[in-house]
Amino acid sequence: ITTNAGSPGASLVVWLVAGILAWTGAASYAELGGAIPLNGGAQVYLSKIFGDLFGFLFTWSSVFVLKPGSTAIIAIIFGEYIVRAFSPTSTSTEPLPDTSISMIWISKGISLLALTIVTTLNCVSTKLATRAGDLFMFFKFFALLSIAITGLIVAATNTTLTSFTPNQDWKKTSWFAGTSTNASNWAVALYAGLWAFDGWDNTNYVLGEFRNPGRDLPRVIHTAMPLVILSYLLATLSYTLVLPDKIIASSNTIAVTFGARVFGPTGALILALFVSGSCFGALNASAFTTGRLVYAAGKEGYLPAVFGTVGMPGSDPKPLRLRSNSNNSHTSSLRSRFLTKIMVDDIFFTPITAVVFNSLLTALYILTGSFQTLITFYGVAGYSFYFLTVLGLIVLRIKEPHLERPYRTWISTPIIFCCVSLFLLSRAVFARPFQTVVVVVFVGLGVPVWWVWVRGKDGRGGEGREWRFWRRWGRR
């Protein structure tokens with residue numbers, strides 16, 4: 001973000017704008033989720049508002065590009081933080097090199113290992129995966145809070161536990177000196193900020209499991225988003241108060257650099273482990289939701305039916321239960337409660353084929369992509385469908401004004417989101433033309449796939465199109 005924005009002040013503006021834009025998108029999705037309370041997220045909304053073709057194109061892009069690409073970015077960051085934490089250059093005051101071929105591949109290897117562990121968790125048990133997510137969510141907030149508090153203390157006292165002298169530029173020069181005047185650079189910076197806030201739509205994929213989605217989803221959105229925005233702003237402010245701009249702009253593992261400069265190698269290691277734990281939790285959450293998206297696509301006929309199955313392929317889809325053979329009833333009872341509350345009860349009763357398929361695609365992106373390339377590619381493809389989905393909210397208000405909406409956001413909310421998203425997409429054509437063309441071509445390839453695989457199968461199968469789940473919901 002700093003590289004493209006050009007100045008510390010501009011970076012803070014980018015973080016704020018990205019957070020507000022994500023908040024407007026989340027609020028728009030909250031209204032859609034209350035009006036159409038089904039699992040599937042944008043797939044369901046686009047299918048109902050614009051037709052099944054648009055729902056398929058979203059699924060096509062999400063399954064093969066958006067979700068595995070996003071998961072790969074998280075895994076790459078995880079690997080880079082682990083490698084950098086144990087790197088002998090982590091305590092240097094010079095910008096850290098990111099071009100070592102051996103370091104890159106070691107990082108990718110660690111990323112693949114983390115992906116394998118997460119995939120195993122999600123294949124073994126849904127409860128085990130969600131419990132792991134709850135645990136690692138703590139790491140994210142601890143890391144952000146620690147960085148924010150430490151940065152403010154260092155700025156106030158002008159001291160560290162190492163020989164490093166905190167940055168003084170913020171006292172002497174304007175915070176907006178060197179700000180980029182290139183709109184395309186601002187668009188790329190916003191894509192990076194928006195990726196950091198991404199995930200605000202994940203809850204909509206499992207909205208059908210909510211008891212009262214019209215009430216609970218807006219509460220979750222309007223509680224979590226301001227906290228996340230504030231956390232990122234404070235962390236970015238702390239980096240600016242402590243580290244020189246050239247170090248901030250050159251490092252993908254800024255928290256390790258921050259910890260090394262303030263506390264030395266121990267601080268670098270601790271912050272690296274906490275940020276890695278945060279990344280691991282995000283990786284787990286992404287694998288969980290994407291597995292359900294692939295599963296839903298298999299059930300809907302968008303993908304081969306094998307991806308819409310639960311359990312081991314070819315086996316009877318019944319859960320395996322962990323039971324104790326202990327003769328001690330008290331010990332058996334304690335063990336049973338432990339497995340139920342903390343670990344697992346039913347094992348291998350998950351969409352294993354869907355989870356493994358997503359894992360293989362993610363591994364491919366890890367091996368072939370880099371952080372910067374995947375960020376822009378994901379941003380262009382993702383915000384194309386975010387734009388269409390939120391635009392669909394406005395269309396739905398016009399087409400079905402009497403549709404029950406437990407939560408209704410301000411009309412300015414989707415309008416702001418659509419305008420800024422359209423600006424980002426238009427600038428991406430000039431900033432990253434090759435990646436934009438690749439996204440357009442890939443989405444376009446989904447159209448003949450739709451006609452041959454989905455629509456053609458509907459026409460031959462005798463079931464027609466009325467079996468689509470959102471159509472069943474619409475007849476309630």
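## Salt bridges in the model

In this predicted model, the salt bridges come to five. Three of them are described here, starting with Arg397 and Glu31.

## Arg397 and Glu31

Arg397 and Glu31 pair through their side chains in a salt bridge, with an N to O distance of 2.7 Å. Arg397 belongs to helix α15 (residues 371-399) and Glu31 to helix α2 (residues 8-35), so this bridge connects distant parts of the chain, with the two positions 366 residues apart in the numbering. Arg397 and Glu31 are both buried.

## Lys48 and Glu400

Another salt bridge joins the side chains of Lys48 and Glu400, here with 3.2 Å from N to O. Lys48 sits in helix α3 (residues 42-50), while Glu400 is in the loop between α15 and α16 (412-431); the pair therefore ties together parts that are 352 residues apart in sequence.

How do these two partners fare in terms of burial? Lys48 has 16% relative accessibility and so counts as buried. Glu400, at 27% relative accessibility, counts as partly exposed, because the buried class ends at 20% and the exposed class begins over 50%.

## Asp201 and Lys67

Asp201 and Lys67 form a salt bridge too, and their closest N and O atoms are 4.0 Å apart. If you are wondering about that distance, it still qualifies because the rule accepts a nitrogen within 4 Å of a carboxyl oxygen. Asp201 is in the loop between α8 (183-197) and α9 (213-242), and Lys67 is in helix α4 (residues 52-85), so the bridge ties together parts that are 134 residues apart in sequence.

Asp201 counts as buried at 3% relative accessibility, and Lys67 counts as buried at 8%.

## A shared network

Some salt bridges have partners in common: Glu31, Arg397 and Arg405 are joined in this way into one network.

## Ala18 in helix α2

Helix α2, which holds Glu31, is also home to Ala18. Which residues does Ala18 contact, once neighbours within four places in sequence are left aside? They are Leu190, Gly193, Leu194 and Phe197.

Gly193 deserves a second look: its C-alpha atom is separated from that of Ala18 by 5.5 Å, although the two residues are 175 residues apart along the chain. Ala18 itself has a relative accessible area of 0%, so Ala18 is buried.

Note on methods
Residues numbered from 1 in each chain as written. Predicted model: local features only at pLDDT ≥ 70, side-chain atom pairs only at ≥ 80, totals over all residues. Heavy atoms only, no water. Helix = DSSP H or I, 4+ residues; strand = E, 2+ residues; numbered from the N terminus. Buried < 20%, exposed > 50% of the residue type's maximum accessible area, 1.4 Å probe, protein only. Contact = heavy atoms within 4.5 Å.
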